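Work through the exercises below with the sequence and the model at hand. Each task is followed by a solution that goes step by step.

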Amino acid sequence: MSDGDAIRRKVTAVKAGDGVRLTVRRDDPPIAASPRGTVVALHGIQSHGGWYRRSSAAIAASGWRALWPDRRGSGWSEHATGDADRLIDDVERLLDDPALVSPPVVLLGVSWGAKLATAVAVRRPVAGLAWVNPGLFSRFTPSAPARLASRLLPGDLEVPIPLNDPALFTDDPARRAMIAADPHARRTADMTLLRATTELDRRLAARTGRLDMPLLVQLAGRDQIVDNRRTRDRAETLAADVTVREYADARHTLEFSAAADDAAADLVAWLGRLRADARGPDGRGGRDDRPQ
């Protein structure tokens with residue numbers, strides 16, 4: 001598939017509630033008619049939306065709009081910090097933008113982004129939630145002393161992200177070189193982001209009820225970052241309608257594996273069975289401001 005021939009690709013910017021400029025990479029279907037819906041995809045802690053051009057193109061080619069906002073401090077977005085509620089608000093403001101988001105809406109979280117996507121889905125019913133090599137249970141979770149330190153140290157103090165070996169992400173030498181050289185990849189995390197991570201983990205752990213939406217889980221069989229068993233177990237308790245796909249030979253980033261096309265096809269097939277009227281009269285759902 002040719003990016004230029006098959007889809008319409010744009011980059012736009014939106015302003016967060018505190019005025020921070022956030023970049024959104026947008027892929028529209030090739031046909032000018034209204035999209036079937038919108039997939040809002042949240043990237044991992046180190047990556048940005050530019051890593052996922054292949055799966056984004058597949059989503060758009062199937063008739064859905066694909067939006068990949070670069071999280072604040074990541075990719076092309078303004079370098080600014082934000083706690084868990086600020087990160088959630090960034091996503092919710094994008095969901096409320098009628099110029100960008102057409103219902104039904106699906107939230108997709110890649111790696112660390114699955115934490116944020118799930119936190120948003122708990123507050124706001126959407127048509128579906130997808131986890132792609134989700135980092136909900138990471139083998140690189142900070143220790144208890146490190147989490148305590150993150151609460152005590154200045155919020156803008158930065159430390160290295162312990163995922164700087166590209167071999168963790170892919171077996172492809174070219175992709176490893178790309179990751180190593182990427183000037184927009186995030187190599188460090190500030191204390192505020194670490195605190196936000198701990199808070200998102202706490203909210204997921206505290207969630208007892210089931211989400212009233214389908215959940216797709218895509219796992220890399222040779223993932224050295226994610227605990228796949230714990231992820232499967234949590235998915236089964238979190239949602240009643242769960243679809244799990246595991247790609248045996250893939251490392252953490254499915255996008256950079258030999259299974260990339262299969263994973264994209266499985267995602268598109270799952271999107272195809274979601275009903276436009278699944279959640280609310282407009283397929284968008286409303287904000288739920290009950291305490292988490």
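**Exercise 1: the surroundings of helix H4**

The buried residues of H4 pack against E3, H3, E5, E6, H7 and helix H8 (228-238), where buried means under 20% relative accessible area, exposed over 50% and partly exposed in between (1.4 Å probe, protein chains only). Helices (H or I, at least four residues) and strands (E, at least two) are DSSP runs, numbered from the N terminus. The model is a predicted one, in which local features need pLDDT of at least 70 and side-chain atom pairs count only at pLDDT 80 or more, while totals for chains, interfaces and linings use all residues. Residues are numbered from 1 along each chain as its sequence is written, and side-chain values use heavy atoms, with hydrogens and water left out.

Task: State how many residues of H4 are buried, and describe how H3 and H4 pack.

Solution. Step one is the burial count: eleven of the eleven residues of H4 are buried, and the helix is thus mostly covered. Among them are the charged residues Lys115 and Arg123. Step two is the geometry, for which axes are lines fitted to C-alpha atoms, for helices over the stretch in contact, and angles run from 0 to 180 degrees between N-to-C directions. The axes of H3 and H4 are 10 Å apart and the packing angle is about 65°. The crossing of these two helices is right-handed, a term that applies if the near helix is turned clockwise from the far one by less than a right angle, anticlockwise being left-handed. Step three is the contact, meaning heavy atoms within 4.5 Å: H3 contributes Leu87, Ile88, Val91, Glu92 and Leu95, and H4 contributes Leu116, Ala119, Val120 and Arg123. By class, this contact of H3 with H4 holds seven nonpolar, no polar and two charged residues, where Ala, Val, Leu, Ile, Met, Phe, Trp, Tyr, Cys and Pro count as nonpolar, Asp, Glu, Lys and Arg as charged, and the others, Gly among them, as polar.

**Exercise 2: helices H5 and H7**

Task: Find the crossing angle of H5 and H7, and list the residues that meet.

Solution. First, the axes of H5 (residues 144-152) and H7 (residues 191-206) come within 9 Å and cross at roughly 125°. Angles under 35 degrees count as roughly parallel, over 145 as roughly antiparallel, 65 to 115 as roughly perpendicular and the rest as oblique, and H5 and H7 are therefore oblique to each other. Next, the crossing of H5 and H7 is left-handed. Finally, Arg147, Ser150 and Arg151 of H5 meet Met191, Leu194, Arg195 and Thr198 of H7, and the residues of this contact divide into two nonpolar, two polar and three charged.

**Exercise 3: aromatic rings**

Task: Describe the pairs Trp51 with Phe169 and Tyr52 with Trp68 by distance and plane angle.

Solution. Rings of Phe, Tyr and Trp (its six-membered ring) pair if their centres lie within 6.5 Å, and planes under 30 degrees apart count as stacked, over 60 as edge-to-face and the rest as tilted. A search of the whole structure finds four aromatic pairs. In one of these, Trp51 and Phe169 are edge-to-face, at 5.9 Å centre to centre with 85° between the planes. Trp51 lies in the loop between E3 (38-42) and H2 (53-61) and Phe169 in the loop between E7 (158-160) and H6 (173-181), so the pair ties together parts that are 118 residues apart in sequence. Both Trp51 and Phe169 are buried. The ring centres of Tyr52 and Trp68 are 4.9 Å apart with the planes at 10°, so this pair is stacked. Tyr52 is buried at 5% relative accessible area, and Trp68 is buried at 3%. Trp51, Tyr52, Trp68, Phe169 and Phe256 form one aromatic cluster.

**Exercise 4: backbone details**

Task: Locate the cis peptide bond at Pro104 and the positive phi values of Ser111 and Asn133.

Solution. The peptide bond from Pro103 to Pro104 is cis, with omega near 0°, and Pro104 is placed in the loop between H3 (84-95) and E5 (105-110). Ser111, not a glycine, has a positive phi of about 55° and lies in the loop between E5 and H4 (113-123). Asn133, likewise a residue other than glycine, has phi near 35° and sits in the loop between E6 (128-132) and H5. Ser111 is buried at 13% relative accessibility, and Asn133 is buried with a relative accessible area of 2%.
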